[in-house]
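Subject: Handover of the two-chain model

Hello,

Here is the structure I said I would pass on. Please open it first and keep it on the screen while you read the notes below.

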Amino acid sequence: MTRLAFALALLLAAPAFGQSQPGAPAAGAPEIQAPVPEVGAGRGAQPAGQVPESTATGDRPTGQQPTPAAQAVTAPQPRQPSAQAPTPAPFSDRGQPSAEELELQAALRGERISGRITIPDRQAGNLIQPEGRDWRDFHNRTLTWVGGVAVLGMLAILALFFLVKGRLEVEAGPAGRTIQRFNLFERVAHWMTASSFVVLGLSGLNLTFGRFLLLPLIGPEAFTAVSLWGKIAHNYLAFPFTLGIVLLFLIWVRDNIPNKLDIAWLKAGGGFVGHAHPDAHRFNAGQKAVFWITVLGGTLVAVSGYVLIFPFAVTDIAGQQLAHTVHGILSVLMVAVMLGHIYIGSLGMKGAFDAMGSGEVDLNWAREHHNLWVEEELSKARTTVTGPNAPRPLGAD
Amino acid sequence: MARMKFLCDSDRCIECNACVTACKNEHEVPWGINRRRVVTINDGRPGERSISMACMHCTDAPCAAVCPVSCFYTTADAIVLHDKDLCIGCGYCFYACPFGAPQYPRVGNFGGRGKMDKCTYCAGGPQQDNTIVEYTQYGSNRIAEGKLPLCAEMCSTKALLAGDGEMIATIYRERVQARGYGAGAWGWRTAYRETVTV
């Protein structure tokens with residue numbers, strides 16, 4: 001729309017422009033100019049000095065179609081019938097484009113200078129892409145800092161926590177009896193996701209931090225071998241990780257819908273920070289947070305990862321850079337969150353690991369952390385045992 | 001020591017692609033790898049220009065800055081080279097490169113990339129100069145033989161200039177002064193943070 005308005009504005013100025021200035025001679029241009037057709041100015045946007053163009057008003061299959069208005073305005077002007085065919089102006093100042101100017105513009109606007117290419121690789125059509133600088137800045141500065149602070153910060157917090165609170169015990173002591181918390185299928189799904197995540201996380205961190213931490217230690221050849229295997233593992237383990245995310249979502253989403261109890265749990269500081277044991281169903285608010293971070297974050301990381309693993313299959317260079325940005329930032333944040341998850345599930349709390357280890361947790365542990373869930377399970381068990389269809393002990397009749 | 005650069009005079013380039021062919025032939029570059037290419041901007045419109053583009057051997061090269069395994073190095077002539085024995089084919093250099101220079105053979109799993117390949121300024125790689133090993137990995141090493149890159153040497157209109165930055169800038173400057181116009185040195189602002197002032 002604005003382009004049309006601009007063209008019209010030029011057209012209004014065209015008659016005067018076309019008559020008084022038939023191409024201002026530019027520096028180094030010959031004194032005598034070939035007659036420039038009046039319509040040349042009407043085409044707008046082009047400097048008058050640069051007219052190696054035909055006299056035809058329209059019909060040229062160029063990108064800039066002269067509007068019907070162009071002919072309406074220029075048609076009444078009397079054309080001087082000349083004996084010779086109008087020759088295009090000699091190459092005086094070839095004018096645009098200036099490499100420096102285009103590059104500056106592209107850099108400022110975040111655009112690319114691209115054109116036609118005769119090879120099938122479409123990416124090759126980009127002559128200059130200044131956004132590479134932004135991506136470099138992200139990769140070398142932003143990601144390194146965010147990742148470093150997130151991972152080291154989380155480790156520091158956990159270490160401090162361990163020093164202050166030590167290992168959280170089961171307050172009532174072990175009951176000796178256990179209750180099943182996660183069945184085999186749940187545990188398999190969990191460990192498939194977890195083990196692939198650990199390898200994915202380590203090989204990913206290696207790409208960002210390895211050359212500062214590992215490369216000086218083991219030398220370039222060994223580091224390349226590690227990184228190459230890391231890359232291959234990263235590519236292949238993407239698939240079990242994605243499958244794991246889907247499975248975890250399907251089996252646990254039912255118990256992870258946030259509700260009022262979660263607010264109370266968070267106010268009490270959970271069992272982690274506070275001393276109380278607020279009511280909780282199968283998953284408390286902290287576990288729900290881990291669940292949703294895993295499911296939503298994992299989905300985004302997986303999607304951006306598939307964009308990266310099949311380079312340029314669905315997007316161009318800008319899309320690839322964006323995919324890497326999303327993938328990198330979310331991944332380091334997820335690594336930080338999962339460090340907390342690993343801590344509380346192993347070192348941080350006695351009895352917690354059994355839930356994912358054997359699947360059977362101590363009854364007192366379960367009562368303290370998931371009282372409502374235990375009650376539910378026990379009442380279910382009671383109806384099974386004492387209900388109408390309950391199996392009767394032999395000889396009870 | 002010289003500071004080697006490329007300069008493509010787009011007012012002379014006729015898009016004959018001889019530089020591309022010369023490069024492919026000289027280094028026996030595999031199918032699908034294009035160390036050099038010719039891009040035509042404003043195709044079919046006023047201001048159409050063709051520019052031959054390859055690795056510009058940047059000052060403070062972005063590829064080297066982002067490489068996770070630090071496989072890049074810069075020679076005394078300021079030519080940016082890389083070690084294919086260290087490259088893992090992650091593709092980061094392509095994201096960072098302003099000129100789309102890094103190329104990857106499709107050898108890995110999925111859309112995976114093999115070890116990166118790019119213009120070496122006809123200067124081979126870290127292997128012993130002019131050995132079979134070096135030729136197989138990186139192509140011929142004309143710089144070690146005292147010659148300039150073949151793409152520029154073959155250029156029929158002498159649009160593509162290669163050599164010491166000062167010298168080729170002087171040649172270009174003289175051309176522009178003589179003929180009265182010139183689009184400027186493509187990529188120089190981006191690669192070297194400088195331009196050729198006439």
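I begin with a single residue: B:Lys158 sits in the loop that connects α5 (150-154) to β6 (160-164) in chain B. Bear in mind throughout that this is a predicted model. B:Lys158 is not a glycine, yet its phi is positive, at about 55 degrees. Is B:Lys158 buried or partly exposed? A residue needs 20 or more other C-beta atoms within 10 Å to be called buried, and 12 or fewer to be called exposed. B:Lys158 has 13 C-beta neighbours inside 10 Å, so B:Lys158 counts as partly exposed.

A second residue in chain B can be read in the same way. B:Cys122 is in the loop between α3 and α4 (132-138) of chain B. B:Cys122 also has a positive phi of about 55 degrees without being a glycine. Its surroundings give another result: B:Cys122 counts as buried because 28 C-beta neighbours lie inside 10 Å.

Chain B as a whole

Chain B contains seven helices and six strands. Read from the N terminus, their order is β-α-β-β-α-β-β-α-α-α-β-α-α. The C-alpha trace of chain B spans about 50 × 40 × 30 Å along its principal axes. Does this fit a compact globule, or what radius of gyration would one have? For 198 residues the expected value is near 16 Å, and chain B has 17 Å, which agrees. Of the 198 residues in chain B, 51% are buried. Taking the contacts in chain B with a separation of 6 or more, 55% are between residues 24 or more positions apart.

One strand of chain B deserves a closer look. Four of the five residues of β2(B) are buried, so that strand is mostly covered. β2(B) runs antiparallel to β3(B), and five bridges join the two. Within this pair, B:Val38 stands opposite B:Ser52 of β3(B). As background, side chains in a regular strand alternate between the two faces of the sheet.

Where the chains meet

How many residues does each chain bring to the contact? Chain A brings 58 residues and chain B brings 46 residues. On the side of chain B that touches chain A, at least two residues come from each of β2 (37-41), β3 (49-53), α2 (62-66), α3 (92-96) and α7 (188-192). Of the elements of chain B, β2(B) gives the most to that side, with four residues. By type, the residues on that side of chain B are 24 nonpolar, 16 polar and six charged.

Chain A

Chain A has 14 helices and four strands. Buried residues account for 30% of its 397 residues. Among contacts in chain A between residues at least 6 apart in sequence, 67% link residues at least 24 apart.

Helix α4 (residues 99-109) of chain A shows how a helix can have a buried side. Its buried residues are A:Ala99, A:Leu102, A:Glu103 and A:Ala106. Viewed down the axis of α4(A), these buried residues fall within an arc of 95 degrees, and therefore line one face of the helix. They pack against β1 (113-114) and β2 (126-128) of chain A, and also against α7 of chain B. Two exposed residues, A:Leu108 and A:Arg109, are on the face of α4(A) turned away from the buried side. After α4(A) comes A:Gly110, which has a positive phi, near 70 degrees.

The UniProt record, an unreviewed entry, lists residues 143-164, 191-213, 233-253, 289-314 and 326-344 of chain A under "transmembrane region". In the model, residues 191-213 of chain A are 100% helix and 0% strand, with their end C-alpha atoms 28 Å apart. Residues 289-314 of chain A are 81% helix and 0% strand, and their end C-alpha atoms lie 32 Å apart.

The last residue to look at is A:Gly305, found in helix α10 (residues 285-309) of chain A. A:Gly305 is buried because 24 other C-beta atoms lie within 10 Å. Leaving out residues up to four places away in sequence, A:Gly305 touches A:Ala238 and A:His327. From A:Gly305 to A:Trp292 the separation is 13 residues in sequence and 19 Å in space, C-alpha to C-alpha.

Regards

Definitions and conventions:
Residues are numbered from 1 along each chain as its sequence is written. Chains are lettered from A and ligands numbered from 1 in the order in which they are written. This is a predicted model: local features need pLDDT of at least 70, side-chain atom pairs count only at pLDDT 80 or more; totals for chains, interfaces and linings use all residues. Two residues are in contact if their C-beta atoms, placed from the backbone, lie within 7 Å. Ala, Val, Leu, Ile, Met, Phe, Trp, Tyr, Cys and Pro count as nonpolar, Asp, Glu, Lys and Arg as charged, and the others, Gly among them, as polar. Two strands pair if DSSP finds at least two bridges between them. The radius of gyration is taken over C-alpha atoms; the globule rule is 2.2 Å times the number of residues to the power 0.38. UniProt positions are given in the numbering used here, feature names are shortened, and annotations may be inferred rather than shown by experiment. The arc is that of the directions from the helix axis to the C-beta atoms.
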